[in-house]
Amino acid sequence: MHSQGKILPQQFYELDDVVAVSRRLLGKVLCTNIRGQTSAGVITETEAYCGRNDKACHANDGLRTARTETMYGPGGRAYVYLCYGIHHLFNVVTNREGLADAVLIRSVRPVEGHSLMLERRSRDALTPVVSNGPGKLTQALGITTGDDGVNLLGERIWIEDRGHSVAAADIIASPRIGVDYAGNHALRPWRFYLKDTPWVSQQ
DNA sequence: CCTACGATCTGCT
DNA sequence: GCAGATCGTAGGG
């Protein structure tokens with residue numbers, strides 16, 4: 001409940017450059033408080049999705065539906081959707097209202113609530129498989145589609161700066177995963193992850 | 001209404 | 001390495 005760092009302010013999310021926000025989220029700490037129990041992980045892998053001219057984005061070229069509505073809201077909210085009928089994927093909405101940009105969080109390294117995360121993942125050892133994938137980390141942190149639209153400056157899900165500095169040289173860029181349907185846009189190097197960490201999704 | 005498929009993960013071979 | 005899980009969403013008739 002009590003944050004151990006500085007909660008990221010609204011301005012962090014309002015930036016008109018989703019790729020920059022995607023990079024800056026590395027090293028920040030994603031926290032949840034579900035039914036009074038806190039768990040958290042350092043963000044180690046992200047992907048940027050832009051609402052304009054990005055065929056990999058759900059809201060590409062202004063596609064506005066019930067599902068994508070959250071992405072059109074102001075930055076600083078959660079966009080959570082169901083993938084393959086099973087996995088709940090968590091995104092951070094960025095930019096101002098009307099511009100549907102978002103950052104998919106793909107991996108975290110657990111730093112708080114270890115036993116709770118292990119229990120949610122039905123594991124007994126704290127290894128990367130606990131949270132090195134977009135569907136795995138939401139399960140570990142207790143995030144579901146019921147959290148779609150939640151304000152990240154609230155008390156259920158938030159992101160903190162706990163002073164983990166990340167140098168540009170420690171960030172690796174690569175094409176995004178699982179978006180082959182996006183054609184030429186799938187080649188854009190909009191996936192970012194921390195160098196030398198095992199807490200990164202497998203390809 | 002109907003159909004195809006997905007920003008994935010797991011277990012089995 | 002590969003198939004199955006599992007259901008909401010988007011698009012077409």
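In this predicted model, a polar atom in the side chain of H87 lies 2.6 Å from a base oxygen of DNA strand B. H87 is one of five residues, with Y84, N91, R121 and Y181, that come nearest to this strand among the 21 residues around it. Sugar and phosphate make up 49% of the atoms of DNA strand B that come within 4 Å of the protein. The points below take up the two DNA strands in turn, followed by a histidine and a pair of cysteines.

**DNA strand B**

- A second base contact involves N91, where an N or O atom of the side chain is 2.6 Å from a base nitrogen of DNA strand B.
- The backbone of this strand is also approached, since a backbone N or O atom of K136 lies 3.2 Å from a phosphate oxygen of DNA strand B.
- At least two residues of the surface near DNA strand B come from each of β4 (78-83), β5 (87-94), β6 (101-112) and α4 (134-141).
- By residue class, the surface near DNA strand B comprises 10 nonpolar, seven polar and four charged residues.

**DNA strand C**

- The residues surrounding DNA strand C are L63, T65, R67, L82, Y84, G85 and I86, and they divide into four nonpolar, two polar and one charged.
- Of the atoms of DNA strand C within 4 Å of the protein, 65% belong to sugar or phosphate, while the rest belong to bases.
- The side chain of T65 places an N or O atom 2.5 Å from a phosphate oxygen of DNA strand C, and a polar side-chain atom of R67 lies 3.4 Å from a sugar or linking oxygen of DNA strand C.
- Y84 reaches a base through its backbone, with an N or O atom 2.4 Å from a base oxygen of DNA strand C; Y84 is also listed among the residues that come nearest to DNA strand B.

**H185**

- H185 is found in the loop between β8 (171-174) and β9 (191-194), and it counts as buried because its relative accessibility is 8%, under the 20% limit.
- Leaving aside residues up to four places away in sequence, H185 touches N53, D54, K55 and R176, and a polar atom of the H185 side chain lies 2.9 Å from the backbone nitrogen of K55.

**Cysteines**

- The whole structure contains zero disulfides.
- The sulfur of C50 has its closest cysteine sulfur in C57, at 7.0 Å, which is too far for a bond because a disulfide requires the two sulfur atoms to lie within 2.5 Å.
- Both cysteines are buried, C50 at 12% relative accessibility and C57 with a relative accessible area of 5%.

How values were computed
Residues numbered from 1 in each chain as written. Chains lettered and ligands numbered in written order. Predicted model: local features only at pLDDT ≥ 70, side-chain atom pairs only at ≥ 80, totals over all residues. Heavy atoms only, no water. Buried < 20%, exposed > 50% of the residue type's maximum accessible area, 1.4 Å probe, protein only. Helix = DSSP H or I, 4+ residues; strand = E, 2+ residues; numbered from the N terminus. Polar contact = N/O pair within 3.5 Å; in protein donor to acceptor, adjacent residues only side chain to side chain. Contact = heavy atoms within 4.5 Å. Near = heavy atom within 4 Å. Nonpolar A, V, L, I, M, F, W, Y, C, P; charged D, E, K, R; others polar.
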